[in-house]
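Me: Could you walk me through this protein, one question at a time?

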Amino acid sequence: MILREMTEADLEAVLRIEREVHAHPWTPGNFSDALRSGYQCKVFELEGEMLGYAVLLLAVDEAELLDIAIDASHQRKGIGRKLLESMLSLARHENMRRMVLEVRASNHPAIALYRASGFEQIGLRRDYYPAANGREDALLMGKGL
Ligand SMILES: CC(C)(COP(=O)(O)OP(=O)(O)OC[C@H]1O[C@@H](n2cnc3c(N)ncnc32)[C@H](O)[C@@H]1OP(=O)(O)O)[C@@H](O)C(=O)NCCC(=O)NCCS
């Protein structure tokens, strides 16, 4: 598996996964903005097949994980954990001191992944996300690097 830079040419494949795995997916504009703004946008692939991707914002000494997703047909094989580890290594390499992220309170797979990778809940943002029935809380999670 290799981790490489995401480019505009990847957006069709990225958006296919994004729309498949997220109830409230990022738009093409969100990804283009992230690429243009110089965020760390990475693709994880095996023999040319995209397995997943992640987007990380580096701000002073704190990295914020803005998105991470694994293709539905490749989930529960340890790939998300590997991709997250790669993003943690990247952040350490860039001298970040902490990684933070927000996750929907109902997103048990992602919360389990983050906990298994050493993240702890450091805050709660009430009614942060739009949801099918109104609004949903976000857990703020963090991990020292
Ligand atoms: C969250 C996500 C990236 C995990 O990727 P993955 O490749 O399936 O995860 P892994 O196989 O590496 O699992 C690592 C650990 O995470 C936890 N986990 C992952 N999926 C889980 C699930 N469906 N239910 C419970 N725990 C789960 C487990 O602790 C697992 O370890 P284990 O397999 O030894 O029990 C993937 O489910 C995904 O793309 N979800 C949709 C996008 C998303 O919600 N992103 C996060 C936004 S904040």
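Me: In which sense do strand β5 and strand β7 pair?
Reply: Happy to help! This is a predicted model, where local features need pLDDT of at least 70 and side-chain atom pairs count only at pLDDT 80 or more, while totals for chains, interfaces and linings use all residues. Residues are numbered from 1 along each chain as its sequence is written. Strands are DSSP runs of E with at least two residues, helices are runs of H or I with at least four, both numbered from the N terminus, and two strands pair if DSSP finds at least two bridges between them. Here β5 (residues 98-104) and β7 (residues 134-144) share 7 bridges, and their sense is antiparallel.

Me: Which residue in β7 stands opposite Met-99?
Reply: Strands of a sheet pair through backbone hydrogen bonds, either parallel or antiparallel. Opposite Met-99, in β7, you will find Lys-143.

Me: Which strands stand at the edges of the sheet?
Reply: The open sheet has 7 strands with mixed pairing, in the order β1-β2-β3-β4-β5-β7-β6. Two of them have a single partner strand each, so one side of each is left without a neighbour in the sheet. These edge strands are β1 (2-5) and β6 (120-131).

Me: What angle does α3 make with β3?
Reply: Axes are lines fitted to C-alpha atoms, for helices over the stretch in contact, and angles run from 0 to 180 degrees between N-to-C directions. α3 lies across β1, β2 (40-46), β3 (49-59), β4 and β5. Its angle to β3 is about 30°.

Me: And which strands does α4 touch?
Reply: Contact means that two residues have C-beta atoms, placed from the backbone, within 7 Å. α4 packs on the sheet, and its direction makes about 160° with that of β5. The strands touched by α4 are β5 and β7.

Me: Which element gives the most residues to the shell around the ligand?
Reply: A residue counts as near the ligand if its C-beta atom, placed from the backbone, lies within 6 Å of it. There are 20 residues around the ligand, and Gln-75, Gly-80, Arg-81, Pro-109 and Leu-113 come nearest. Elements giving two or more residues are β4 (62-70), α3 (79-93) and α4 (108-116). With 6 residues, the top contributor is α4.

Me: How many helices and strands are in the protein chain?
Reply: Along the sequence, the pattern reads β-α-α-β-β-β-α-β-α-β-β. Counting gives 4 helices and 7 strands.
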